[in-house]
Amino acid sequence: MRLSTRFAILLMSLISLPPAFGNDKTGSWSGVFDWPFIPIHQALDKSGSVLVFGGSRSGGQGSLTYLSWNPELGTGANSFVEYDNTSGSNLFCAAQVVEPQSGDILTFGGNPTYADGSNNQLTTRFLTENQSITNIEMPLRSPRWYGTATTLPHGDILMQGGIPRCCNNQPPQITPEIYRTDAGWRSLFGARSRQAYGRFPEGGEFFNKPATEERWWYPRSYVMPSGNVLGIASSAMFTVDPSGDGKQLFFTKFPYQTMGATSSGVMYQPGKILQMGGSLHSSNSRGVDGVRMATIIDTTVEPPIVRQTTPMHLGR
């Protein structure tokens, strides 16, 4: 069974997919079914379809096509629609969010061509009304490869992290920027921080481990009840006030191993984050076992409180 054509999908109550049905209390899993390519990035659009990109039909990485899946049509070939990516941007290494004002899906950054590892500053829009892709004439202030986009309560979008082009030894982008639909991007020079988004030498700044900290690499980002933003980037934990020129409010060591680009996290209720798995805080993590550990981050208080919770059955 090829990884590129098989996967199991978690169903929510809003999606019914035979033979298993979603349940708003416990959830349920379907069986595996054919999928045209690996869905690296996924976003639910306002019509209820799932837009995916990042993989290729050959089973490799690279996103010169988009795919839209309509769950209401089941899992057959007619439930998928493929679109050519006419933006000129390879979006495997991009960030994406749903724009609150329009319901369109925006992507930021990526590579002009995957072969040369260069980057771009494109802002790309997938219009859900007519299922088309276009570039917006509002480029990022800085080119970003593996940056993180976060939607703020008032509808603006915060961009953090990334580097100018693939791969290591490129200077990290240490100045966040913010997007407003009617004004484009502006830099948050007040939140500029090498501590939060930089690169650190062997051993890192906090942990004596044989790995380099790459804090620019898809930093984890969550909006707190106060409107400030919590960031977890390798062994660093910090908060940012995105208003005005921006400001870093708090910086400390993240106390557990559930960190880095290999960890997973979700805000499961307002102000409460489940952060799990991972292990190393660098890009040089091949052959390293993921941890079973899981942590709860309480952002209803500032500074946030981190504690361990029941571990997973398997390291991930």
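This section describes the confidence, strand pairing, nonpolar cores and salt bridges of a predicted model.

The chain has an average pLDDT of 80, and 77% of the residues score at least 70. Confidence varies along the chain: strand S27 (residues 294–298) has the highest mean, at 96, whereas strand S2 (residues 10–11) has the lowest, at 36. The pLDDT is below 50 over residues 1–22, a stretch that has 58 contacts in the model beyond near neighbours in sequence. A pLDDT below 50 is also found over residues 202–210, for which the model shows 28 contacts beyond near neighbours in sequence.

Strand pairing is considered next, beginning with strand S8. Strand S8 comprises residues 50–53 and is covered on both faces. Val 50 and Val 52 lie on one side of the strand, Leu 51 and Phe 53 on the other, and all four of these residues are buried. Strand S7 (residues 41–44) pairs with S8 in the antiparallel sense, over four bridges. Within this pairing, Phe 53 of S8 stands opposite His 41. The hairpin of S7 and S8 has five residues between the strands, and Gly 48 in this hairpin takes a positive phi near 95 degrees. S8 also pairs with strand S9 (residues 65–69), again in the antiparallel sense, and this pairing runs over three bridges. Here Val 50 stands opposite Trp 69 in S9. Val 50, one of the buried residues of S8, is thus placed across from a residue of strand S9.

An open sheet of four strands is found with the order S25-S26-S27-S28, and its pairing is antiparallel. Strand S25 (263–269) and strand S28 (305–309) form the edges, each pairing on one side only. On average, neighbouring strands of the sheet are turned by 25 degrees against each other, direction ignored. Strand S26 (residues 272–277) is joined to S27 by antiparallel pairing over five bridges. In this pair of strands, Lys 272 has Asp 298 in S27 as its bridge partner. S27 is also the strand in which the confidence is highest, at a mean of 96.

In soluble globular proteins, nonpolar side chains tend to be buried together. In the present model, the largest nonpolar core contains 14 residues, of which Leu 152, Leu 158, Leu 188, Tyr 197, Phe 238 and Val 240 touch the most other members. At least two residues of this core are supplied by each of helix H1 (194–197), strand S22 (229–233) and strand S23 (236–241). The largest share, three residues, comes from S23. The surroundings of Val 240 include both nonpolar core and other residues: not counting residues up to four places away in sequence, Val 240 touches Gln 160, Ala 191, Tyr 197, Asn 228, Val 229, Lys 247 and Gln 248. A second core, separate from the one just described, has eleven residues, among them Leu 106, Ile 136, Leu 140 and Ile 157.The salt bridges of the model number seven. In one of them, the side chains of Glu 99 and Arg 125 meet at 2.6 Å, N to O. Glu 99 lies in the loop between strand S11 (95–98) and strand S12 (105–108), and Arg 125 lies in strand S13 (residues 123–127), so that the salt bridge links distant parts of the chain, 26 residues apart. Glu 99 and Arg 125 are both buried. The side chain of Arg 125 also meets that of Asp 104 in a salt bridge, at 3.0 Å, N to O. Asp 104 is in the loop between S11 and S12, and this pair likewise links distant parts of the chain, 21 residues apart. Asp 104 counts as buried because its relative accessible area is 7%, and Arg 125 because its relative accessible area is 14%.

A further salt bridge is formed by the side chains of Arg 199 and Glu 214, at 2.8 Å, N to O. Since Arg 199 lies in strand S19 (residues 199–200) and Glu 214 in strand S20 (residues 213–214), the pair ties together parts that are 15 residues apart in sequence. Both Arg 199 and Glu 214 are buried. Through salt bridges that share partners, Glu 99, Asp 104 and Arg 125 are joined into one network.

Technical notes: Residues are numbered from 1 along each chain as its sequence is written. Side-chain values use heavy atoms; hydrogens and water are left out. pLDDT is the predictor's confidence in each residue, from 0 to 100. Contact means heavy atoms within 4.5 Å. Buried means under 20% relative accessible area, exposed over 50%, partly exposed in between (1.4 Å probe, protein chains only). Two strands pair if DSSP finds at least two bridges between them. A nonpolar core is a set of buried Ala, Val, Leu, Ile, Met, Phe, Trp, Tyr and Cys residues joined through side-chain atoms within 4.5 Å. Axes are lines fitted to C-alpha atoms, for helices over the stretch in contact, and angles run from 0 to 180 degrees between N-to-C directions. A salt bridge is a side-chain nitrogen of Lys or Arg within 4 Å of a carboxyl oxygen of Asp or Glu.
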